[in-house]
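Visitor: Could you take me on a close look at one part of this model, the pocket, and show me what surrounds it?

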Amino acid sequence: MSNGPTLLPLGDGAAVAEAVVERILLDRRRHPDRPLGLATGRTMEPVYRRLAARMADLPASEAECLRQGWSSFNLDAYVGLPAADPRSFAAEMERQLVRPLGVDPHRVRLPDGMAADPEAEACRYAEAVATAGGIGLQLLGLGLNGHVGFNEPPCLATAPCRVVVLSETTRRQNAGAFGGDPSAVPARAITLGLRDILAARSLLLVVTGAAKAPILKRLLQGDPPSPELPASWLRLHHDVTVLTDRAALG
Ligand code: GLP
């Protein structure tokens, strides 16, 4: 990434998680009224663990303030998986965030993957984000094929919240939660689009682990943004930080 984004290389995943949590806490103090944008996936697991640990260490009044004022929207959800399914992103948020932090589950929103009309649900979800005032700080992981959220390549910067068909790469990447079987990973998902992501006030792209080194290298090369690398559109945003560990930097 050339113009704009700040690259913040840190030692390891733990240091990255700590830095992300610092940003979240700072954001909550500065802009408690702005919803957070959250991501799921392995990259975020240590982040939420660390956030729960930090919450436990905060003065009781501050922790309570955080809990009471919590408001977040996740990037995406699989179509066809009920929230009660342990493999759904809703269940992941329940395990990693709602229970450990003690926040009201209604304040942790995700698209409804079981909606009878998923396209209509995507529109409703985008509207819910807008009605809440838009995302403040948006956390993002990076797919092995350069996706953010579930914006699979090719993808334009104007892509709205919508239903997408997941690529083979992504279904393989996420097969771990499905007994290692890519064909068991739902074929479709609802995702906030690049348009919604770029509308957030600030973006935090979190990239850890050696497996991400090739795609991060492509992203940092500084080529003009292109549909083939959806994360490259982030370069259009005025406030992007890329937090990465040594392994991901190769
Ligand atoms: C997933 C999700 C993203 C996530 C990214 C990276 O498929 N849709 O929201 O951030 O891909 O996943 P991971 O952190 O497991 O590598």
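Guide: Happy to. In this predicted model, the largest pocket has a volume of about 610 Å³. Its lining is made up of 31 residues, and the closest to the pocket centre are Thr40, Gly41, Arg42, Gln173 and Asn174. Two elements, E4 and H4, each give two or more residues to this lining. Helix H4 provides the largest share, three residues. By class, the lining of the largest pocket holds 12 nonpolar, 12 polar and seven charged residues.

Let's follow those two elements outward, starting with E4. Strand E4 covers residues 76-78 and runs antiparallel to strand E8 (residues 188-191), with three bridges joining the two. If you would like a spot to click on, Tyr78 has Ala189 as its bridge partner in E8. Strand E8 also pairs with strand E7 (residues 162-165), again in the antiparallel sense, over four bridges. Here you can pick out Val163, whose bridge partner in E8 is Ile190.

Tyr78 comes up again when you turn to the rings, since ring pairs link Tyr78, Phe89, Phe150 and Phe178 into a cluster. The structure holds five aromatic pairs. One of them is edge-to-face, because the rings of Phe73 and Tyr125 have their planes at 70°, with their centres 5.8 Å apart. Phe73 belongs to strand E3 (residues 72-74) and Tyr125 to helix H5 (residues 118-131), so this pair ties together parts that are 52 residues apart in sequence. Phe73 is buried, with a relative accessible area of 1%, and Tyr125 also counts as buried, at 1% relative accessibility.

Within the cluster, look at Phe89 and Phe150: their ring centres are 5.8 Å apart and their planes lie at 20°, so the pair is stacked. This brings us back to helix H4 (residues 89-101), where Phe89 lies, while Phe150 sits in the loop between strand E6 (137-140) and E7; the pair therefore ties together parts that are 61 residues apart in sequence. Phe89 is buried, with a relative accessible area of 7%. Phe150 counts as buried too, at 2% relative accessibility.

Helix H4 also leads to another pocket. The second largest pocket has a volume of about 370 Å³. It is lined by 21 residues, and those nearest its centre are Ala83, Ala90, Val108, Leu110 and Pro111. The elements that give two or more residues to this lining are E4, H4 and strand E5 (108-109). Helix H4 gives the largest share of the lining of the second largest pocket, six residues. Sorted by class, the lining of the second largest pocket has 15 nonpolar, three polar and three charged residues.

One last stop is the nonpolar interior. In soluble globular proteins, nonpolar side chains tend to be buried together. Here, the largest nonpolar core has 76 residues, and those with the most contacts inside it are Val20, Trp70, Leu97, Leu139, Leu205 and Leu234. Helix H1 (residues 13-30) supplies the largest share of this core, seven residues.

Methods. Residues are numbered from 1 along each chain as its sequence is written. This is a predicted model: local features need pLDDT of at least 70, side-chain atom pairs count only at pLDDT 80 or more; totals for chains, interfaces and linings use all residues. Side-chain values use heavy atoms; hydrogens and water are left out. A nonpolar core is a set of buried Ala, Val, Leu, Ile, Met, Phe, Trp, Tyr and Cys residues joined through side-chain atoms within 4.5 Å. Buried means under 20% relative accessible area, exposed over 50%, partly exposed in between (1.4 Å probe, protein chains only). Two strands pair if DSSP finds at least two bridges between them. Rings of Phe, Tyr and Trp (its six-membered ring) pair if their centres lie within 6.5 Å; planes under 30 degrees apart count as stacked, over 60 as edge-to-face and the rest as tilted. On a 1 Å grid over the protein atoms alone, a cavity is a set of points where a 1.4 Å probe fits but cannot get out, and a pocket is an open set with protein on both sides within 12 Å along at least five of seven lines; lining residues have an atom within 4 Å of a point. Grid points are joined across faces, edges and corners, and a volume is the space filled by probe spheres set on the points. Ala, Val, Leu, Ile, Met, Phe, Trp, Tyr, Cys and Pro count as nonpolar, Asp, Glu, Lys and Arg as charged, and the others, Gly among them, as polar.
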